[in-house]
Amino acid sequence: MQRLFAAVVTTVVPEAARLDATGWTDLERIVEQALADRPASLRRGLKVFLRLIDWIAVVRYARRFSALDAARRARLLASIERAPLLLVRRGFWGLRTLVFMGYYGRPAAATEIGYRADPRGWEVRR
Amino acid sequence: MSEAAERRYDVVIIGSGAGGGTVAQELAPLVRDGRRVVVLEKGPRLGDAEFTGRELEMAAALYADTGGFLTADGTMTLAFASVYGGSTVVYTGTSLTAPERVIRRWSVPGLDHADIVTRSERFAAQNGVHLLEDSLINDNNRLFVEGGRKAGFRVEQFPVNVQGCRGSSLCNLGCPNQAKQGTNRVQLPRAEREGVEVVTRAEVIRIGGDRSLLVRVAARPPGAKGGPAEWPPGEYRVRARTVVCAAGAIGTPALLLRSALPARLPQLGHGFTCHPALVLVGEHPRDITNDVGHPKSYFVDRAAEDGFVLETCMYFPFVTAKSLTGFGASHSAMMRAFPRLQMILLLACDRAVPGNRVGVDRAGRPVVHYRFTPETLKALARGTRAAVRIFFAAGARRVHVPADPPLITASEADRLDARVAARHFLPGRVSISAAHLMGGCGMGGSTADSVTDAWGRVHGLPWLRVADASLFPDSLEINPYLTIMALADRVAECVRAEVREPVNA
């Protein structure tokens with residue numbers, strides 16, 4: 001499951017492939033914390049949704065999601081994102097939200113993208 | 001329940017935001033006359049130094065469900081605070097008065113626009129509302145003005161209630177410099193100085209028909225922000241002569257729905273609206289000042305003509321990432337362009353329609369049922385096209401919006417109708433959020449069309465009042481806090497006149 005999740009993360013945020021061990025630990029800690037605050041049903045739903053992604057990959061490409069190349073992974077997730085069923089679309093939306101939280105919730109990511117907001121405001125920018 | 005756990009008050013106010021904070025201040029003179037008034041706030045009371053501006057940390061400390069409260073079908077995020085001061089802690093301080101056409105359309109017997117204006121002006125003065133001086137306006141806002149005017153829109157400046165703003169841009173994470181004049185800075189401290197009690201971490205579980213409230217006071221979780229509750233943790237039976245519900249457009253209807261109230265209120269929970277909003281970004285060829293300075297200084301109001309409002313905005317890395325459509329390379333490219341991003345918040349003016357309502361689940365927790373109407377989706381598409389025109393007129397080289405593909409370059413500006421259409425706003429795919437939550441206990445003439453009268457009195461239960469945005473019978477079409485304060489002031493005026501003798505004298 002961890003390998004599958006990592007494959008989803010690096011498809012949603014390609015730069016995540018360059019994260020070192022500390023970066024991954026930080027990302028996973030944020031995701032785990034977010035899930036810990038949510039109902040158990042949501043955590044179960046997330047696992048089921050990850051398995052669904054893997055299952056679709058096998059049906060469509062005869063390979064596990066984590067074994068697909070980057071382009072096929074992206075195409076597969078894009079098709080899920082536009083699925084006719086709302087349940088599927090919102091499942092993906094929830095998953096990508098978690099991934100974004102884990103990746104961009106890290107102070108290191110904020111620095112990397114050039115986000116510089118500071119409580120001191122103009123004082124440190126003029 | 002033990003005898004010690006029972007408390008008696010003349011007035012209990014549930015919630016401490018724009019509504020509850022206002023009622024607390026306006027009822028404070030009663031305390032001088034020997035009456036007992038208490039505010040019960042579910043969230044904690046944070047110390048000034050605890051406002052760090054760090055995104056996830058502050059979202060967890062200030063927002064209900066850390067800002068991730070979803071509608072029942074999971075297609076929209078509803079942001080509302082749970083803290084001393086309520087959502088006035090996390091707004092940007094923009095202070096507009098209700099439009100006359102909206103109050104006329106509400107057609108609530110006994111509510112007239114002139115009264116709302118008079119009261120709004122009083123609170124605007126009290127909160128130091130003014131136009132931000134030019135030297136504090138950042139590039140993100142200047143480009144909106146410049147692009148908006150070039151694109152043919154009437155751009156207006158927001159009056160804001162900040163005093164001594166240092167331009168942290170972190171308003172939505174609670175001002176780290178206490179510049180924003182929410183009820184946590186103005187009305188609640190004033191009420192407390194005059195003897196109104198405020199109990200934080202105090203959740204009202206239900207209200208009984210005998211005017212008693214079951215209240216659960218929580219202990220401060222280890223490591224959490226905020227001080228301990230003012231009462232020892234545990235359950236309390238709080239008896240009151242008058243109960244004022246100001247727990248917000250989700251909290252108040254949910255509380256009344258799970259309470260055993262001896263009145264038939266068929267409209268309770270109905271009429272929910274929320275200004276569904278999208279964050280749109282345009283990339284400029286050079287760095288601009290965007291994450292410094294007050295984030296929301298200007299707007300374009302097309303509510304009456306086109307059903308949308310555009311506002312300047314600036315969000316934080318995670319919220320920005322979540323708000324953009326899609327994922328992968330094009331999404332990352334925009335995130336990496338953060339210092340060059342201009343941001344616009346698009347708000348659709350939705351209308352109260354059957355089916356959009358607040359309910360409760362079996363455990364009594366709030367559930368918001370909301371479906372986007374075709375009109376709302378069309379307004380989002382129209383608003384997006386207008387925002388794109390502003391971005392390009394301001395000099396952006398490309399924009400990222402709900403389209404397929406989401407990146408639109410300046411060379412495509414003449415094909416916007418084809419590139420941005422209502423079909424691209426697929427619920428569950430596009431990140432839509434809302435922070436102006438309204439309705440659920442609408443004002444009106446009778447139980448057939450409403451929950452309260454024009455003074456917030458619940459039909460059939462004269463001791464029970466509502467004083468928050470749940471009173472709105474339909475969308476307000478502007479930022480709501482001054483109107484909430486004006487309506488809460490009306491409620492307080494009535495309560496002041498009615499509360500004569502203390503129960504426990």
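Select domain 1 and domain 2 of chain B in this predicted model: their C-alpha centres lie 32 Å apart. To colour them separately, use residues 3-128, 172-269 and 438-498 for domain 1 of chain B, and residues 133-159, 277-349 and 373-426 for domain 2 of chain B. Where the two domains touch, domain 1 of chain B contributes nine residues and domain 2 of chain B contributes 10. The side belonging to domain 1 of chain B comprises two nonpolar, four polar and three charged residues.

Before going further, colour chain B by confidence. The average pLDDT of chain B is 96, and 98% of the residues reach at least 70. For the model, the scores are ipTM 0.97 and pTM 0.95.

**A helix pair in chain B**

Next, select residues 18-32 and 481-498 of chain B, which are helix α1 and helix α13. Two packed helices are described by the angle between their axes and the distance between the axes. Here the axes come within 8 Å and cross at roughly 35°. The crossing of α1(B) past α13(B) is right-handed.

Show the side chains at this crossing. From α1(B), the residues in contact are Ala18(B), Gly19(B), Thr22(B), Val23(B), Glu26(B), Leu27(B) and Leu30(B). An α-helix has 3.6 residues a turn, so residues three or four places apart point the same way. Facing them from α13(B) are Tyr481(B), Ile484(B), Met485(B), Ala488(B), Asp489(B), Val491(B), Ala492(B), Val495(B) and Arg496(B). Sorted by class, this contact holds 11 nonpolar, two polar and three charged residues.

**Across to chain A**

Now display chain A. How many helices and strands does chain A have? There are six helices and zero strands, in the order α-α-α-α-α-α along the sequence. Along the principal axes, the C-alpha atoms of chain A fill a box of roughly 55 × 35 × 30 Å. Chain A has 126 residues, of which 32% are buried. Among the contacts in chain A with a separation of 6 or more, 62% join residues 24 or more positions apart.

Select the contact between the chains: 35 residues come from chain A and 34 residues from chain B. On the side of chain B, the elements that give two or more residues are α2 (55-62), α9 (317-323) and α10 (329-336). That side of chain B divides into 14 nonpolar, 13 polar and seven charged residues.

Stay with α2(B) and show its residues. Why is α2(B) described as largely enclosed by the rest of the structure? Six of its eight residues are buried, which gives this description. The buried residues are Glu55(B), Leu56(B), Met58(B), Ala59(B), Ala61(B) and Leu62(B). To see what covers them, add α2 (21-36) of chain A and α9 of chain B, both of which are included in the cover.

**Individual residues**

The remaining stops are single positions. Most residues other than glycine have a negative phi, and most peptide bonds are trans.

Select Ala62(A), in the loop between α3 (40-61) and α4 (70-81) of chain A. Ala62(A) is not a glycine, yet its phi is positive, near 60°. Is Ala62(A) buried or exposed? Ala62(A) counts as exposed because it has 8 C-beta neighbours inside 10 Å.

Move to Ser169(B), in the loop between β7 (159-160) and α6 (187-193) of chain B. Ser169(B) also has a positive phi, about 70°, although it is not a glycine. With 30 C-beta neighbours inside 10 Å, Ser169(B) counts as buried.

Then select Asp404(B) and Pro405(B): the peptide bond from Asp404(B) to Pro405(B) is cis, with omega near 0°. The loop that holds Pro405(B) runs between β18 (398-400) and β19 (407-409) of chain B.

Finish at Ser135(B), located in the loop between β5 (130-131) and α5 (139-150) of chain B. Ser135(B) counts as exposed because it has 7 C-beta neighbours inside 10 Å. Add Gly293(B) and draw a C-alpha to C-alpha distance: Ser135(B) and Gly293(B) are 9.7 Å apart in space, with their positions 158 residues apart in sequence numbering.

Conventions:
Residues are numbered from 1 along each chain as its sequence is written. Chains are lettered from A and ligands numbered from 1 in the order in which they are written. This is a predicted model: local features need pLDDT of at least 70, side-chain atom pairs count only at pLDDT 80 or more; totals for chains, interfaces and linings use all residues. Helices (H or I, at least four residues) and strands (E, at least two) are DSSP runs, numbered from the N terminus. A residue is buried if 20 or more other C-beta atoms lie within 10 Å of its own, exposed if 12 or fewer, and partly exposed in between; C-beta atoms are placed from the backbone. Two residues are in contact if their C-beta atoms, placed from the backbone, lie within 7 Å. Ala, Val, Leu, Ile, Met, Phe, Trp, Tyr, Cys and Pro count as nonpolar, Asp, Glu, Lys and Arg as charged, and the others, Gly among them, as polar. pLDDT is the predictor's confidence in each residue, from 0 to 100. Domain bounds come from an automatic or database domain assignment. Axes are lines fitted to C-alpha atoms, for helices over the stretch in contact, and angles run from 0 to 180 degrees between N-to-C directions. A crossing is left-handed if the near helix is turned anticlockwise from the far one by less than a right angle, and right-handed if clockwise.
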